[in-house]
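These are my notebook entries on one protein model. I set down what I looked up, in the order in which I looked it up.

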Amino acid sequence: MFHLLTSVLTMNLLRYLLIVVTTALIGVCGRGIAEVVANQSIPQQRPNIVWIIAEDMCPFLGCYGDKQVKTPHLDSLATKGTLFEQAFTTAPICSPSRSALITGMYQTSINAHHHRSGRGDAPNVLPNEVKPIPMLMKKAGYYTANAQFGVPTPDGIPSSQAWKQGKTDYNFQFKWKDLYDGTDWRDRKPGQPFFIQIQLWGGKWRDSNYSRMLKTLSNKMTPASDCNMPPYYPTSPKMLEDWAKTLDAIRMTDMAVGEIVKRLQQDGLLENTVIWFISDHGVSHVRGKQFLYDEGIHIPMIVMGPTIPQGQRRVDLVEHIDMAAATLGLAGVPIPKSMQGRDILNPATAKRNAVYGARDRADETEDRIRSVRTSKWKYIRNYHPQRPYLQPNAYKDSKPCLIEFRRAEKAGELNDAQKLIAAMTRPKEELYNLKDDPYEIRNLALDPNYAEILDDLRKRMDIWIRETGDKGEQPEPKQAYDAAMKNYRTRDPQIETNIHLMEQWRKEGK
């Protein structure tokens with residue numbers, strides 16, 4: 001009897017244990033199946049993101065309606081994506097512009113507004129709440145890279161510069177490894193999404209690479225006779241030649257964009273990659289780079305990729321720092337609340353009713369200019385009205401276009417519109433009706449008929465300066481200026497002369 005009872009209890013215990021184990025296994029399997037289903041239906045593949053950043057380049061592109069130069073590859077990007085007709089950089093000089101872009105912040109808000117500042121003996125440390133975009137992307141699991149893409153050869157193979165470390169030029173302290181994993185998306189882990197900045201020469205041309213341009217373009221250079229110079233420039237043969245070479249440099253840039261797109265396609269990545277194309281600021285010409293006229297701040301901006309509307313031309317005002325916020329949005333990375341850039345690809349984002357620009361010290365040359373631009377009006381405030389527009393600046397004074405401009409000025413060949421930029425003093429304020437005067441020649445600031453408009457834009461500027469904490473309100477400390485000049489003094493004897501002139505004008509309160 002005892003043995004029978006024992007057998008029954010043993011069988012029941014075994015049956016119970018079998019039920020428990022079976023139930024547990026079913027639960028695990030069921031949960032595993034549920035997880036597989038969820039993993040297949042919920043997460044989406046994050047897009048790769050490519051920033052192609054050209055230097056010194058206005059929207060002299062076919063897709064922007066420019067007839068002087070053919071740019072088939074960029075035109076194709078625009079056709080397959082979205083083109084921003086009114087995109088503007090917040091600074092007309094590379095390092096402040098790049099500092100703003102990589103943080104999504106106005107350079108004036110993060111003390112990065114002086115060219116090649118915040119380094120060496122006077123370091124600039126970003127506020128804790130401000131993180132460069134590559135750092136945020138890296139934290140989100142992206143492979144981050146920054147590369148220089150060399151000028152292609154006639155057979156489409158880039159020069160030895162290709163996929164080397166790209167330009168940063170940020171006016172704050174950082175470590176390369178904190179921002180970038182490498183220089184080529186091919187070095188990432190299998191399946192890892194990537195964020196890469198690719199630097200191009202843009203509108204820059206130099207005698208040292210002109211022969212390469214000749215070869216690559218099969219000697220079919222842009223004829224000077226095809227150039228349409230703005231009315232504020234003389235049309236002398238040398239000025240036209242310089243303009244033509246700038247257009248040829250843009251043609252080279254277009255070819256480089258074509259090679260980058262082809263490489264993405266060859267790697268099977270193009271379908272899941274968002275490509276942005278912009279320039280850091282306008283063309284490096286007399287009235288362009290370093291100034292807040294449209295030639296200095298109006299830039300191309302094109303974006304193409306999955307989820308990007310095709311063939312769309314947007315006419316709303318955008319700033320180049322908006323690309324930073326939009327990139328985070330594309331990657332599903334939270335946009336910091338403190339970021340001043342806006343996610344312009346999000347339909348819920350409020351449109352800008354104005355864009356702002358700032359020019360401060362450029363190399364050894366001190367200055368402070370601010371601008372506010374709407375779709376119709378441009379207001380410029382000059383903080384050093386007793387100084388000439390074309391202050392001595394060794395970098396710019398060595399450019400062929402400025403040398404020719406000075407020659408024409410001395411020879412008495414300039415008309416009234418061309419003499420404006422050569423003036424030895426400036427008005428404190430400038431006001432332009434961009435619809436009637438797109439070349440910004442007729443200053444309406446003193447015309448009483450426009451007093452109300454002037455006052456409105458003046459107030460907007462004051463509010464922007466206050467709300468964004470414009471660090472340019474205080475002069476650059478002498479220690480910071482001297483620290484920056486250590487990088488310049490050995491380059492050109494003229495720089496030393498210019499430094500002394502800046503010191504003299506500073507003492508005179510000029």
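In which helix is the place of isoleucine 250? I located isoleucine 250 in helix 7, which covers residues 237-266. The model is a predicted one, and I read every entry below with that in mind.

**Entry 1: isoleucine 250.** I looked up its exposure first. Isoleucine 250 has a relative accessible area of 0%, so it counts as buried, the cut-off being under 20%. I then listed its contacts, leaving aside neighbours within four places in sequence: Met57, Phe60, Leu61, Thr71, Gly202 and Gly203. For threonine 71 I also noted the C-alpha separation from isoleucine 250, which is 8.0 Å, although the two positions lie 179 residues apart along the chain.

**Entry 2: confidence.** I checked how far the coordinates can be trusted. The mean pLDDT of the protein is 90, and 88% of its residues reach 70 or more. Residues 1-43 stay under 50, and for this stretch the model has one contact beyond four places in sequence. Where pLDDT is low, the predicted coordinates should not be read in detail. I therefore take no detail from residues 1-43, where pLDDT is under 50.

**Entry 3: the whole protein.** I counted 15 helices and 13 strands. Of the 510 residues, 56% count as buried. The exposed area is about 23,400 Å², and carbon and sulfur atoms supply 56% of that area. Among contacts between residues at least 6 apart in sequence, 74% join residues at least 24 apart.

**Entry 4: the largest pocket.** I asked how much space lies in the largest pocket. The value is about 810 Å³. The lining of this pocket comprises 27 residues, and those closest to its centre are Pro59, Phe60, His298, Pro438 and Tyr439. Phe60 was already in my list of contacts of isoleucine 250. Two elements give two or more residues to the lining, namely strand 2 (82-88) and helix 8 (294-297). The largest share, three residues, comes from strand 2. By class, I recorded 12 nonpolar, five polar and 10 charged residues in the lining.

**Entry 5: cavities.** Rolling a probe the size of a water molecule over the atoms shows where empty space is left. I found four cavities of 30 Å³ or more in the structure. I examined the second largest cavity, whose volume is about 80 Å³. Its lining has 13 residues, with Gln290, Tyr389, Leu390, Gln391 and Asn393 nearest its centre. I sorted the lining of this cavity into four nonpolar, four polar and five charged residues.

**Entry 6: arginine 359.** Is arginine 359 buried or exposed? I placed arginine 359 in strand 10, residues 355-359. Its relative accessible area is 2%, and arginine 359 is therefore buried. Beyond its neighbours within four places in sequence, I recorded contacts of arginine 359 with Pro92, Ile93, Gln290, Leu292, Thr365, Asp367, Arg368, Ile369 and Arg370. One of these, Gln290, also appears among the residues nearest the centre of the second largest cavity. The C-alpha atoms of arginine 359 and histidine 115 are separated by 9.2 Å, with the two residues 244 apart along the chain.

**Entry 7: helix 14.** I last looked up which residues of helix 14 (residues 478-485) are buried, and obtained Tyr481, Ala483, Ala484 and Met485. The cover over these buried residues includes helix 15 (493-507).

Key:
Residues are numbered from 1 along each chain as its sequence is written. This is a predicted model: local features need pLDDT of at least 70, side-chain atom pairs count only at pLDDT 80 or more; totals for chains, interfaces and linings use all residues. Side-chain values use heavy atoms; hydrogens and water are left out. Helices (H or I, at least four residues) and strands (E, at least two) are DSSP runs, numbered from the N terminus. Buried means under 20% relative accessible area, exposed over 50%, partly exposed in between (1.4 Å probe, protein chains only). Contact means heavy atoms within 4.5 Å. Accessible areas come from the Shrake-Rupley method with a 1.4 Å probe; for residues, only the protein chains shown count as cover. On a 1 Å grid over the protein atoms alone, a cavity is a set of points where a 1.4 Å probe fits but cannot get out, and a pocket is an open set with protein on both sides within 12 Å along at least five of seven lines; lining residues have an atom within 4 Å of a point. Grid points are joined across faces, edges and corners, and a volume is the space filled by probe spheres set on the points. Ala, Val, Leu, Ile, Met, Phe, Trp, Tyr, Cys and Pro count as nonpolar, Asp, Glu, Lys and Arg as charged, and the others, Gly among them, as polar. pLDDT is the predictor's confidence in each residue, from 0 to 100.
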